[in-house]
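Visitor: I would like a close look at one part of this model. Please start with a sheet, and then show me what lies around and beyond that part.

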Amino acid sequence: MKAIRIHQFGEPDVLTLEKVPVPEAGPHEVLVRALAAGVNPVDAKTRAGKALYRDTKPFPFIPGWDVSGLVVEKGEQADRFNIGDEVYGMVRFPQIGSAYAEYVSVPQDHLSLKPGNLSHIEAAALPLVSLTAWQALFDAANLSRNQTVLIHAAAGGVGHIAVQLAKSVGAYIHGTASENHHDFLLDLGVDNLIDYRKTRFEEAVEGVDVVLDIVGGETRDRSWQVIKPGGVLVSLRSSPLGDNPKTYKVRGENILVHPDGSQMTQIARLAAKNLLRPHIFRVFPLSEAAAAHHLLETGHAEGKIVLSISDC
Ligand SMILES: NC(=O)c1ccc[n+]([C@@H]2O[C@H](COP(=O)([O-])OP(=O)(O)OC[C@H]3O[C@@H](n4cnc5c(N)ncnc54)[C@H](OP(=O)(O)O)[C@@H]3O)[C@@H](O)[C@H]2O)c1
């Protein structure tokens, strides 16, 4: 099969298209004929040697975690799917997922049936960002109706899905994004948009129940003061939260997304009801994975970048 492999950490040109053996499905796994793979910042950080496997250097390896495609083989004890099912999911994260490939072996519990109203390109855009937003807003923050949430980087991959999940439970949403994303975010239902380049968000927002910190750094440092006592800040960045939760009488959590097929099923239900839809910023063929990483690393995507695998 064709796959992208990495033989050394570095710039996007370390992503090379190669012919490699098709993987085998283990006993509880299925083999997926992949039609699309989502691209995420963690793929680029891993490629550059700035995140996972920095120390273990497991070369060569196939990057990527988000897949959408068809079940073509089943392990002996894999009983959740049938051959021909259309499935999507986040594969093995944070272990190596090997999703930038024509075939991907996937633990069956990491998959769900693909929503019928989404294309494979759209479905592959969802897993990592929608699981992250779900686990942040619902598992860590218990966001509910009539609560208020501040979503930083609301136009990005995680942010635009978090906006739709927060909307689906009836929360009031503040979002930060530069002005060129505002029409997009108004359509998704953000109630109060802040152009972070022109306005300090802490002057436009106060007393929120939840902050979803996607940006980190000084954006996170300035976020504690806008949370009401008893509220919560959930951070996707791994740097320590320090004494801030105690100082501001709030809860603070760092999270790392994990695979969850049953959450993928709940996400598929929302998509089927048109309550959740990924916005596709750009599609590249698998062979142009390096160009996809270059674009991702500009840091200003609106929605998601996806690799199309069917036409590689
Ligand atoms: N912990 C976890 O499990 C986990 C899971 C998923 C993602 N993450 C991390 O979360 C981060 C975001 O991921 P993503 O997929 O959403 O990335 P992304 O799609 O590349 O994010 C791009 C967006 O970030 C916005 N942005 C950049 N700087 C901003 C700022 N200072 N204030 C407001 N918006 C800003 C950009 O908007 P403008 O064009 O307006 O600048 C753009 O729309 C990454 O670092 C990723 O590694 C962590």
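How many strands form the open sheet, in which order do they stand, and is the pairing parallel or antiparallel?

Guide: Some ground rules come before the tour. This is a predicted model, so local features need pLDDT of at least 70 and side-chain atom pairs count only at pLDDT 80 or more, while totals for chains, interfaces and linings use all residues. Residues are numbered from 1 along each chain as its sequence is written, and side-chain values use heavy atoms, with hydrogens and water left out.

Now the sheet. Six strands form it, and it is open. Read across, the order is β10-β9-β8-β11-β12-β13, with parallel pairing. Strands (E, at least two residues) and helices (H or I, at least four) are DSSP runs, numbered from the N terminus. Two strands pair if DSSP finds at least two bridges between them. At the edges stand β10 (192-194) and β13 (251-254). Each has a single partner strand, so one side of each is left without a neighbour in the sheet. From one strand to the next, the twist averages 15°.

Look inside the sheet. β8 (residues 148-151) runs parallel to β11 (residues 208-213), and three bridges join them. V149 has V210 of β11 as its bridge partner.

Two helices pack on this sheet. Helix α3 (residues 127-140) touches β8, β11, β12 (227-235) and β13. Touching, or contact, means heavy atoms within 4.5 Å. The direction of α3 makes about 155° with that of β11. Axes are lines fitted to C-alpha atoms, for helices over the stretch in contact, and angles run from 0 to 180 degrees between N-to-C directions. Helix α4 (residues 157-168) touches β8, β9 (172-176) and β11. Its direction makes about 170° with that of β8.

Stay with α3. It also packs against helix α8 (residues 261-272), at an angle of about 100° and with the axes 10 Å apart. The two helices are therefore roughly perpendicular. Angles of 65 to 115 degrees count as such, those under 35 as roughly parallel, those over 145 as roughly antiparallel and the rest as oblique. On the α3 side, the contact is made by P127, S130, L131, W134, Q135 and D139. On the α8 side, it is made by Q263, M264, Q266, I267 and L270.

The loop between α3 and β8 holds N146. N146 is exposed, with a relative accessible area of 68%. Buried means under 20%, exposed over 50%, and partly exposed in between (1.4 Å probe, protein chains only). N146 has a positive phi of about 70° although it is not a glycine. Most residues other than glycine have a negative phi, and most peptide bonds are trans.

Next, the loop between β5 (86-90) and β6. S98 is found there, and its phi is positive too, near 55°. S98 is partly exposed, at 22% relative accessible area. P94 lies in this loop, and a cis peptide bond with omega about 5° joins F93 to P94.

Follow the chain into β6 (residues 103-107). Four of its five residues are buried, so the strand is largely enclosed by the rest of the structure. β6 pairs with β3 (residues 29-39) over five bridges, in the antiparallel sense. V30 stands opposite V106 in β6. R33 lies over the face of Y103, 5.6 Å from the ring centre. A charge sits over a ring if NZ of Lys or CZ of Arg is within 6 Å of the ring centre and within 35 degrees of the ring normal.

Rings also meet rings. The whole structure has five aromatic pairs. One is F9 with F59: the centres are 4.8 Å apart and the planes are at 70°, so the pair is edge-to-face. Rings of Phe, Tyr and Trp (its six-membered ring) pair if their centres lie within 6.5 Å; planes under 30 degrees apart count as stacked, over 60 as edge-to-face and the rest as tilted. F9 and F59 are 50 residues apart in the chain. F59 is partly exposed, at 29% relative accessibility. Y53 and F61 form another edge-to-face pair, 5.9 Å centre to centre, with 75° between the planes. Both Y53 and F61 are buried. F9, Y53, F59 and F61 form one aromatic cluster. The peptide bond from F59 to P60 is cis, with omega near -15°.
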